[in-house]
Structure formats: structure tokens, C-alpha cells
Amino acid sequence: MKVLIIGTGYVGINTGVVLAYLGNEVTCLDVNQEKIDLLNQGKSPIWEPHLEEVLSQARQNIRFTSGYDDAQIPETDVIFIAVGTPSLADGNADLRYVRQAAESIAERLGEKFTVIVNKSTVPIGSGNWVEMIIQEQFKHNHNNGEKADFNVVSSPEFLAQGSAMHDSFYPDRIVIGSQCERSITRLRELFAPLTRQDFEPPAGLPRPEDLTQVPLLVCDLTSAEMIKYAANAFLALKISYVNEIGRLASKLGADIQSVARGIGLDKRIGNRFLNAGIGWGGSCFGKDTAALVATARDYNLGMPIIESARAVNYSQRALIVDLLQERLKILKGKHITMLGFSFKPNTDDLRDAPSIDIGRLLVQRGAMVRVHDPIALDNARRLYGDSGLIFCDRVEDALSGAEAIVLVTEWPEYREMDWESIPRVPVIDGRNSLDIERMEALGFSVTGIGR
Ligand code: UGA
């Protein structure tokens, strides 16, 4: 099929590359010329494992452009809107980029029936809103009362950063929110290689052994939009739940790792997203939980469970600093090393990263903070160059003179580094990812979270 993707952020570029790999004729459009130039050179504007490799395998089926006039909208079968929806100060999502995309599509729609898919995480009810914008803009351009032949569908994205390629080829489910038979049929066909899992896996991304097909759920548009928020909020509260239990565990002398293992073995609970630590960060959980609370507010509804999950999460960041203070007594004038700055491993994304708050608190309390991260330092310097944090390219430099070490992001290299050669200073393991027995045998005293 002929597919257009608008927006080359995480969702857009992954969707485009996967659909091109599966044999569709894909155009990716982004108004940011720099990103388009990079993509035209075969380079990804985001750091994501396997993305460039799959892009090179799909190169003959994908093109990149920054101009709507070059996007061949009248001939396109399916258009994905995958632009950013950042948070406004009141928690609502900022829909200005979605509006711009919808208007630009409307100006160019032809006679052919077009399926327009909202892939961005838009507030519940936005599908109808996008439909209205397109119809109004189209009428405005064709003042003969003609109606455009299109349908807006919601098909939310569930990929996680760092495993985006894997999640896109081998999803747990695909959701189509629409009551238009023509759209459902077209999207079933587009997604068929994924639901049937009958494509040749890309190099380096083998199909999970037990995966033979992927469920496709068809529902109404509003329910599809709600599935995205409800899924993210559930994952977020699962993490806050384990962190709250962890706080009590550490008071009682229990170990949250054992507790989490014990509860996660219950199939009704499941063992994933039960890692206690400094809590969630990233572009999704904070933004989506805030938007869900803001939407409910419009209907005079409180969301006490989700609001509490947020409160627990954000206070977890200060807890790290308190733990460090307990160990060192005085933070002022102390040399602290922070290991990891990205919000999770395998990404250079710093949006809502716990490291930022932790670093800021430490600097406020008078500590000298050296930070290392395997890949996020360019972003860190660009965005937080004047934060008072000292960014070091070599982990040895970050550790030089350290009086305490705080592990913030569980990059595997920190677990595996040569701890023997490091002075035995207090270590706070914010992700419970270090091998405590080994560390203690070496003479380190490690404080985990909820342990
Ligand atoms: C999340 C969801 O997992 C995706 O399904 C969803 O598509 C995406 O948001 C989105 O809405 O776009 P992502 O934010 O990339 O994906 O990363 P996660 O792996 O979910 O991690 C989020 C945060 O939770 C990270 O800071 C991670 O360190 C933290 N986390 C995760 C924990 O603290 N404990 C856990 O057990 C798991």
C-alpha cells in the first residue's frame, strides 16, 4: 500500500520503517529539515537499537520529505499522524501539531478514499476532533459543499523506547478503533503480515519462539484512544505500587526483590514492571497519567488511584537524595558520582528523566556532581549544560575523587564494570541492578531501594 507517516519521532519513524520493511511504499514527512536530511543519509535522528539496520534493509521502499506538496497525499491509501503531543502546564496535551497535520492533509486530499490513522497519543475524543478539522478545512477549500472521502481511525502505538523495533515487529496486540468497514478492511490488510507473523524476520531481530500470531482488536474509536491511556496508567501504577510496598519493606527489613518475585509469580499479577527503584520517567507515563487526570477533571471526576501513583513516583526521586544524605550525613561539599542520565537504558532520551531532579537536588544541597552516561551526554550537555552538573565522557573521570556513587540508570556496563578498581565509597543503587553479594564481597556497602 501507499503509506504516509507524518512526524518522524519515535512512533513515526518506527512505524514507517516497519511498514516499508513489510513491502509497503512509505513516505515519511517531518517539517524538521535536519531530521529529514539525516534520514536521507540513512541515519536515524534518535538512538534506537536496530533502527538504522532495518532502515537500510527497507531503503528501496521508503522516502523522506519535509514538504506536504511532495507527499503525494491524493494517491495515498493510509496516512498516519504521529506528531508530538507534549504536555501543557495544566496536564492537558498540546494538540497544535496534530491540528497542523490535519489541516495540511485536508488541503491536499483527493477523490480517493483515505484512511487517516491517529497514532499519536491524543486525548480521548480527539479522533472526532481531527475528523471535524479535516472536513471543515476541506469544505473551506472546496466551497461547493463537497465532502472529503476519508475516515479517522485510532490505532495506538505500544512500543517502548530501547526495544522499539522488537515491539513493532512482534507486538502483544494491534488495536483498530473505527466503525467504518472500509477502514477496518484496509488496515487489517496493511497489518496482516504482523498479525499472521509470516514475514521473514529482519537480521538481528529473531521472532520470539512462541509467537505465531498477534491478536487484532477492533473497537470503537474512543475505546481505542482510551486503551492507550489506560494501559500506560496501569503500567505506571504497577511501578508505583511496588515502590510503595518497597518503602515499607525497607522499614520492616524485608527485601522488595523477593517480595516482587513472590507476587509476580501469581499469573494474575505477572512479573513484569515490578522493579522497584527511583520510579518511572520518560515521555509517556508522566504525560499520559497527567492527561488522563485532566480529562477526568473535565467530567468532574477524580482519579485518586492515578494521582497517588504520580505522587509516589515523583517523591521517589527525593528519596534517593535522602538515602544518600543518611549515608554521608552532610552533602555540602561532597563529590558525588551519578551513573546514568537517560530515563532508562538503551535510549538517549532525557524527557522527565529522574536523573534531572536528583541532580538538581544534589546541586541545591551543595554537592559537586559528576555524571556519566554511555550515550546521553550530548543531549545532557545541550539541555542541561548550565545545571551545575559536570558531564564526563569517561566513567573513570566521573568516578575520580568520588565520595559516594549513585546508580540512576541501569545500563549493563555499570553492573559489569571493574568495581574492584574503584575506592570503597558508599553506593546507592537506585535501580536495584547491582550484584550486591559480589559488591559486598569486594567491601562495598550498597543501599538499594526497598531492601
Ligand atoms: C512506555 C510503555 O511501556 C509503552 O508500552 C508505551 O507505548 C510507551 O510508554 C508510550 O506511550 O509511547 P517507555 O516510556 O518507552 O514505554 O518505557 P518503559 O520501558 O515503559 O519504561 C518507563 C519508565 O518506567 C522507565 O523510566 C523505567 O525505568 C521505569 N520502570 C519500568 C521502572 O521503574 N520499573 C519497572 O519495573 C519498569
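Rings of Phe, Tyr and Trp (its six-membered ring) pair if their centres lie within 6.5 Å; planes under 30 degrees apart count as stacked, over 60 as edge-to-face and the rest as tilted. The model is predicted, so local features need pLDDT of at least 70 and side-chain atom pairs pLDDT 80 or more, while totals for chains, interfaces and linings use all residues. Residues are numbered from 1 along each chain as its sequence is written, and side-chain values use heavy atoms, with hydrogens and water left out.

**Exercise 1. Find an aromatic pair and describe its geometry.**

Step 1. The structure holds 11 aromatic pairs. One of them joins Tyr21 and Phe169, with 5.3 Å centre to centre and 85 degrees between the planes, an edge-to-face pair.

Step 2. Now place the two residues. Tyr21 belongs to helix H1 (residues 10-21) and Phe169 to helix H6 (residues 164-169); helices here are DSSP runs of H or I with at least four residues, strands are runs of E with at least two, and both are numbered from the N terminus. The pair links distant parts of the chain, 148 residues apart.

**Exercise 2. Trace the open sheet and the helix that packs on it.**

Step 1. Follow the order E11-E10-E9-E12-E13-E14: six strands, with parallel pairing. Two strands pair if DSSP finds at least two bridges between them.

Step 2. Look for the edges. Strand E11 (390-391) and strand E14 (446-447) each pair on one side only.

Step 3. Zoom in on E12 (residues 404-407) and E13 (residues 427-429), joined by three bridges. Here Leu407 stands opposite Asp429 in E13.

Step 4. Add helix H11 (residues 304-328), which packs on the sheet and touches E9 (335-339), E12, E13 and E14; contact means heavy atoms within 4.5 Å.

**Exercise 3. Describe the largest cavity.**

Step 1. Start with the term: on a 1 Å grid over the protein atoms alone, a cavity is a set of points where a 1.4 Å probe fits but cannot get out, and lining residues have an atom within 4 Å of a point.

Step 2. The largest cavity has a volume of about 60 Å³, where volume is the space filled by probe spheres set on grid points joined across faces, edges and corners.

Step 3. Its lining includes Asn118, Ser154, Pro156 and Lys228. Helix H8 gives the most to this lining, with four residues.

Notes:
Axes fitted to C-alpha atoms, helices over the stretch in contact; angles between N-to-C directions. 1 Å grid on protein atoms, 1.4 Å probe; cavity = no way out; pocket = protein on both sides within 12 Å on 5 of 7 lines; lining within 4 Å.
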